Amino acid sequence: MEYFIQQLVNGLTLGSIYGMIAIGYTMVYGIIGMINFAHGDIFMLGGFAALIVFLILTGLFAGIPVVVALLIMLIVAMLMAGLWNWTIEKVAYRPLRGSFRLAPLITAIGMSIALSNFIQVTQGPRNKPIPPLVSSVYNVFGISISLKQIIIILITVVLLSTFWYIVHRTPLGRAQRATEQDRKMAALLGVDVDRTISVTFVMGAALAAVAGTMYLMYYGVVVFTDGFIPGVKAFTAAVLGGIGSLPGAVLGGLLIGLIESLWSAYFTIAYKDVATFSILAIVLIFKPSGILGRPEVEKV
């Protein structure tokens with residue numbers, strides 16, 4: 001039982017990272033019906049931004065407290081990722097918004113490849129490690145829970161609550177929901193649709209940057225290919241939970257993390273991805289809109 005609970009904790013930690021990335025996918029899809037396949041690479045950019053900030057801080061201030069360093073890393077990573085995603089939306093996606101549906105998808109894949117290669121050229125192809133930022137481990141009834149696991153889970157809960165409040169209780173959230181329902185009518189009623197979409201991209205990128213920073217803190221290493229696999233799994237989490245639903249994105253991320261952790265613990269680790277995508281397929285057969293998703297209503 002202790003081993004099982006230990007794997008649950010590990011799965012919740014990994015799932016929290018997937019959930020933070022998945023929120024960005026689901027927000028963009030909910031607003032403009034587009035899958036931003038470059039979002040995983042924005043997550044990777046956030047991790048590299050946090051790494052660079054960490055190296056600068058430790059080089060200039062050798063005795064800087066870990067809490068201060070981590071906070072600065074988070075803020076800078078969020079700002080950098082938000083600027084990147086804002087630029088991508090303005091330059092690559094907005095001109096194609098009225099084009100045929102495959103054009104933005106192809107552009108998103110192209111942006112993903114471009115960002116990955118850019119980091120490979122500028123930062124090198126090798127793993128970039130950092131020393132442990134948080135190393136405290138607590139033993140609770142025979143279960144080892146590290147402080148960094150607690151931080152990741154708490155940050156996920158706080159961010160989900162904050163973004164849910166923004167979407168459902170603020171003027172920006174009302175503009176986002178109006179744009180999601182009908183962009184043309186929202187524009188006629190005075191909503192700045194372009195600004196709303198840009199802000200949504202920035203919000204999604206900020207969450208991905210937080211996830212990238214937490215990923216760097218948890219694993220202690222980042223590499224230019226880190227945007228692909230976590231990005232695909234976060235997209236899977238968004239679809240599994242119900243793309244367009246913020247709680248669904250986090251729920252899907254937690255489920256993906258738990259499936260991977262438990263499968264790796266009790267079966268061969270080589271097939272954990274097979275198990276994840278097989279369960280996704282089974283869920284979508286019986287519930288095509290995802291666990292918390294709503295059936296799409298065709299506008300006539």
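## Helix α1 and the nonpolar patch

Tyr 3 lies in helix α1. Helices here are DSSP runs of H or I with at least four residues, strands are E runs of at least two, and both are numbered from the N terminus. The model is predicted, so local features need pLDDT of at least 70 and side-chain atom pairs count only at pLDDT 80 or more, while totals for chains, interfaces and linings use all residues. Residues are numbered from 1 along each chain as its sequence is written, and side-chain values use heavy atoms, with hydrogens and water left out.

With a relative accessible area of 44%, Tyr 3 is partly exposed; buried means under 20%, exposed over 50%, and partly exposed in between (1.4 Å probe, protein chains only). Tyr 3 joins Met 1, Phe 4, Ile 5, Tyr 266 and Phe 267 in a nonpolar surface patch of about 650 Å². Such a patch takes residues with over 30% relative accessible area and no salt bridge, with nonpolar side chains (Val, Leu, Ile, Met, Phe, Trp, Tyr) joined within 5 Å. Areas come from the Shrake-Rupley method with a 1.4 Å probe, and a salt bridge is a side-chain nitrogen of Lys or Arg within 4 Å of a carboxyl oxygen of Asp or Glu. Helix α1 gives the most to this patch, three residues.

## Gly 24

Gly 24 is also found in helix α1, which covers residues 2-32. Its relative accessible area is 1%, so Gly 24 is buried. Gly 24 touches His 39 and Gly 204, leaving aside residues up to four places away in sequence; contact means heavy atoms within 4.5 Å. The C-alpha atoms of Gly 24 and Gly 204 are separated by 3.9 Å, although the two residues are 180 apart along the chain.

## Helix α2

Helix α2 runs over residues 39-60, and its end C-alpha atoms are 32 Å apart, which agrees with the 32 Å expected for 22 residues at 1.5 Å a residue. The expected span is 1.5 Å times one less than the number of residues. Of the 22 residues in α2, 16 are buried, so the helix is mostly covered.

## Ser 261 in helix α10

Helix α10 (residues 246-266) holds Ser 261. Ser 261 counts as buried because its relative accessibility is 9%. Beyond residues up to four places away in sequence, Ser 261 touches Gln 7, Asn 10 and Gly 11.

## The β2-β3 hairpin

Strands β2 (residues 137-140) and β3 (residues 143-146) pair in the antiparallel sense over four bridges; pairing requires that DSSP find at least two bridges. Val 137 stands opposite Ser 146 in β3. Two residues lie between the strands of this hairpin, where Phe 141 takes a positive phi near 55°.

Conventions. Patches are made of residues with over 30% relative accessible area and no salt bridge: like charges are joined within 9 Å, nonpolar side chains (Val, Leu, Ile, Met, Phe, Trp, Tyr) within 5 Å.
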